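Thanks for coming. I will take one structure today and go through it piece by piece, beginning with how its chains meet.

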2 protein chains.
Amino acid sequence: MSLAKVRIVLVGTTHPGNIGAAARAMHTMGLSRLYLVNPARFPCAEATARASGADELLAQAEICTSLPQAIAGCRMVFGLSARSRNISWPALDARACGALTVQEALEGEVAIVFGREHSGLSNIELDHCHYWVHIPSNPAYSSLNLAAAVQVMAYEVRMAAMAGASPPARRPTESPPASVDEVEGFFQHLEQTLIEIGFLNPSNPKLLMRRLRRLFFRAHLEIREVNILRGILTAAQDKVKG
Amino acid sequence: MSLAKVRIVLVGTTHPGNIGAAARAMHTMGLSRLYLVNPARFPCAEATARASGADELLAQAEICTSLPQAIAGCRMVFGLSARSRNISWPALDARACGALTVQEALEGEVAIVFGREHSGLSNIELDHCHYWVHIPSNPAYSSLNLAAAVQVMAYEVRMAAMAGASPPARRPTESPPASVDEVEGFFQHLEQTLIEIGFLNPSNPKLLMRRLRRLFFRAHLEIREVNILRGILTAAQDKVKG
């Protein structure tokens, strides 16, 4: 079932009770794959207490030291974000995210990423997300508890999975979709090349890479396309180095 | 707005922390009217702590000694129930309850009633409810935390209230879409640059440009993005020419 392909990633969680409550929320909706990026305290009795019967999810949780590690191998990454930033980015509400998660999980791994209790996800972390997701809320008080946000998202994923609608028409592809780490490798290669050709000043990068990430994310690159693009970059580097 | 007509009724809540977390969940979704039937401990510092900024809802909460007192004056009452009982009864899932709540709240007061943490609502209490409501969940583990259940229901009420009032989501853009001739100019520039860096052999071009066109067409380039991409190409050309 598609729910087995869905990772819930909690980044930098401060309160272990929230980790336990998030695990319980996941379990009630049939999600089981919990990833913890640099939790402040884990494992912890408080997490186990709040998990209230979902402690198996805690025992099987993957502990990671970076967000890229937690999303490695995923074909699509969603990041919860309540804030607006300087640059616009593809955005979805929770319901649309649930539908897209189920659709993408037919083909591969999907991650839904939640930030810190007080500060959310950093801009750099949000750069790893194909879509920013917001839970519609009271504009005067939009501060959902972390586990409550996990509950709503997990609920929407389950509702979408249960809808059982036939998958929508898909665009024809020539090769499989590139994974997030393959695309990340391309972005690093691109950035390095832009520095070498003098287009990007590493001491004053501005929003250039963010704009380019946004552009290529929209295209949903295939493996073959990543290989072509990296071939171009290598050719340019060789030529510049003479 | 119809949300002002919706009461959230918590019956016999044991843990004051759950009352606070439920108040926070309500406030995030714009619900404000909390009714407490025979809470074990209230008011309580633990409730206030978990309310996390929604403490005004706690201060204004109505304390009742019976469910009939809490639902007096309502035109419709929904009761959360995970259990099946001997007798069948009109039942709704959370989403349908949200829609019906908003519809009925146009005409009068509506109550959504939540039972005790471990035993839910009694049969006598469920008899007061026009509909029994279930939150779709994992059959093997359907035990939502009380505040998590309030969060999901409040979310569905808000989503129903917002439905039809909000325009469909559009991808945010930073600049207008590029015209076909602007994109064509980019493709010519790209092809010329690929020749100059030795990646494309003009006497044996194969399908390279077609693949790149397909990729960039999918991204629906904006004017600003075309300018960035052409800036990169020009920088590469300058560097190659030395």
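Across the interface of chain A and chain B, 28 residue pairs are in polar contact, counting pairs with both residues at pLDDT 80 or more. I mention pLDDT because this is a predicted model, so please keep that in mind throughout.

Which parts of chain A supply that interface? The elements giving two or more residues to the side that touches chain B are α1 (16–28), α2 (45–51), β5 (91–93), α5 (94–105), α7 (146–163), α8 (180–196), α9 (208–219) and α10 (223–241). The largest share comes from α10(A), with ten residues. Sorted by class, this side of chain A has 34 nonpolar, 15 polar and 16 charged residues.

Now the extent of the interface. In total, 65 residues of chain A are in contact with 59 residues of chain B. The two chains bury about 5200 Å² between them, and 61% of that lies on carbon and sulfur atoms. On the chain A side, Y141(A), Y155(A) and R218(A) lose the most area to chain B, together 13% of what that side buries.

Next, charged pairs. In general, side chains of opposite charge can pair when their charged atoms come close. Over all chains the structure holds 23 salt bridges. How many salt bridges are found across the interface of chain A and chain B? The rule finds eight there.

Let me show two of the pairs that join the chains. R214(A) and E222(B) meet through their side chains, at 3.5 Å from N to O. With the chain letters exchanged, R214(B) and E222(A) also meet in a salt bridge, at 3.3 Å. That second pair runs from helix α9 (residues 208–219) of chain B to the loop between α9 and α10 of chain A. Is each partner buried or partly exposed? R214(B) is partly exposed, because its relative accessible area is 26%. E222(A) has a relative accessible area of 1%, so it counts as buried.

Other salt bridges stay within one chain. Take E156(A) and R95(A), whose closest N and O atoms are 2.9 Å apart. Here the pair links distant parts of the chain: E156(A) sits in helix α7 and R95(A) in helix α5, 61 residues apart. E156(A) has 1% relative accessibility and therefore counts as buried. R95(A), at 26%, counts as partly exposed.

In chain B, the side chains of R213(B) and E184(B) form a salt bridge at 2.8 Å, N to O. R213(B) belongs to helix α9 of chain B and E184(B) to helix α8 (residues 180–196), and the two are 29 residues apart. Both partners are partly exposed: R213(B) has a relative accessible area of 27%, and E184(B) is at 28%.

To return to R95(A) and E156(A), salt bridges that share partners join these two with R95(B) and E156(B) into one network.

Last, the strands of chain A. Strand β4 (residues 74–80) and strand β7 (residues 131–134) pair in the parallel sense over three bridges. For G79(A), the bridge partner in β7(A) is W132(A). β7(A) also pairs with β5(A), again in the parallel sense over three bridges. What stands opposite D93(A) in β7(A)? That residue is H134(A). As for β5(A), it was among the elements I listed on the side of chain A that touches chain B.

That is where I will stop.

Notes. Residues are numbered from 1 along each chain as its sequence is written. Chains are lettered from A and ligands numbered from 1 in the order in which they are written. This is a predicted model: local features need pLDDT of at least 70, side-chain atom pairs count only at pLDDT 80 or more; totals for chains, interfaces and linings use all residues. Side-chain values use heavy atoms; hydrogens and water are left out. Contact means heavy atoms within 4.5 Å. Buried area is the accessible area (1.4 Å probe) that two parts lose on being put together, summed over both. A salt bridge is a side-chain nitrogen of Lys or Arg within 4 Å of a carboxyl oxygen of Asp or Glu. A polar contact is a pair of N or O atoms within 3.5 Å; within protein, one must be able to donate a hydrogen and the other to accept it, and residues adjacent in sequence count only if both atoms are side-chain atoms. Helices (H or I, at least four residues) and strands (E, at least two) are DSSP runs, numbered from the N terminus. Ala, Val, Leu, Ile, Met, Phe, Trp, Tyr, Cys and Pro count as nonpolar, Asp, Glu, Lys and Arg as charged, and the others, Gly among them, as polar. Buried means under 20% relative accessible area, exposed over 50%, partly exposed in between (1.4 Å probe, protein chains only). Two strands pair if DSSP finds at least two bridges between them.
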